[in-house]
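Biologist: Take me through one part of this protein in close detail. I would like the nonpolar interior, with whatever surrounds it. Keep it brisk.

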Amino acid sequence: MGDYVEAHPQTILLDPLPAMRRLSDRFQSYKLIQELQSLDQGHQFCNPPYLELATGNQSKILHLIKEQNLTFPLIFTWWCEQENAVCKWDMALIFNEDGLRDVTPPCVLQSFINHNAVLYKIFVVGQSYFVAKRPSLKNFAVGQSEQKTIFFNSHEVSKPESCSHLTE
């Protein structure tokens, strides 16, 4: 993004690049939401439990999952440092402990929360806000199951024009 802005100085940015980078990094955005949640006295929103995973040791992973109160199914997201890395949108749904062998760190694991296949994106500009309704992952049974790990690209699931077996 920085290269684009330098090459196109007429581009108007609504947010400074460091703030945009923080929001485009899932782990950083989870941490930001957690910070905001701690300030939310009325408990108006919640952030599903998550953890940054840097180890491939299965017993340590299971220990961390229990310690952080994560529940299956889990959403797996690569932790990519590059700004426009394709891997940022490659994800997986992990349904059981065996499925943890299907993914490799560094990554973020987060409890999947059923949300009826709808995702709302809220954009705020000054005093105005805009809500975009997007398709998202369908509901799945809570807890471990025999389901095999499902790999997917979030761009193929949650864009307005998306049509996926994962949303139906």
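Modeller: Contact here means heavy atoms within 4.5 Å. On that basis, among contacts in the protein with a separation of 6 or more, 58% join residues 24 or more positions apart. Keep in mind that this is a predicted model.

Begin with the frame. There are 4 helices and 7 strands. Along the sequence they run α-α-α-β-α-β-β-β-β-β-β. The protein has 168 residues, and 35% of them count as buried.

Now the interior. In soluble globular proteins, nonpolar side chains tend to be buried together. Here the largest nonpolar core has 15 residues. Ile65, Leu74, Ile94, Leu100 and Leu109 have the most contacts inside it. Five elements are listed as giving two or more residues to this core: β1 (50-53), α4 (58-67), β2 (74-78), β3 (90-94) and β4 (107-111). Helix α4 gives the most, with 3 residues.

Look closely at Leu109. Set aside its neighbours within four places in sequence. Leu109 then still touches Pro49, Tyr50, Leu51 and Leu53. Its contacts also include Ile61, Ile65, Leu70 and Leu74. Ile75, Phe76, Ile94 and Leu100 complete the list.

Another core lies apart from the largest one. This other core has 11 residues, among them Ile75, Met91, Leu93 and Val157. Ile75 is therefore a member of the other core and also a contact of Leu109, where contact means heavy atoms within 4.5 Å.

Phe76, another contact of Leu109, leads to the aromatic rings. The structure holds 3 aromatic pairs. In one of them, the rings of Phe76 and Trp78 have centres 5.0 Å apart and planes at 80°, so the pair is edge-to-face. The cut-off for that label is over 60 degrees. Phe76 is buried, at a relative accessible area of 1%. Trp78 is partly exposed, at 30%. Elsewhere, ring pairs link Phe95, Phe112 and Phe140 into a cluster.

Finish at the surface. The protein exposes about 10900 Å², and carbon and sulfur atoms supply 55% of it. Ile12, Leu14, Phe123, Val125 and Phe130 make a nonpolar surface patch of about 550 Å². Val125 belongs to strand β5 (residues 118-125). Its relative accessible area is 37%, so Val125 counts as partly exposed. A patch residue needs over 30% relative accessible area, and Val125, at 37%, fits that.

Conventions: Residues numbered from 1 in each chain as written. Predicted model: local features only at pLDDT ≥ 70, side-chain atom pairs only at ≥ 80, totals over all residues. Heavy atoms only, no water. Patch = residues over 30% accessible without salt bridge, like charges linked within 9 Å, V, L, I, M, F, W, Y side chains within 5 Å. Areas by Shrake-Rupley, 256 points an atom, 1.4 Å probe, with all protein chains shown as cover. Salt bridge = Lys/Arg side-chain N within 4 Å of Asp/Glu carboxyl O. Buried < 20%, exposed > 50% of the residue type's maximum accessible area, 1.4 Å probe, protein only. Phe/Tyr/Trp six-rings, centres within 6.5 Å; stacked < 30°, edge-to-face > 60°. Core = buried A, V, L, I, M, F, W, Y, C linked by side-chain atoms within 4.5 Å.
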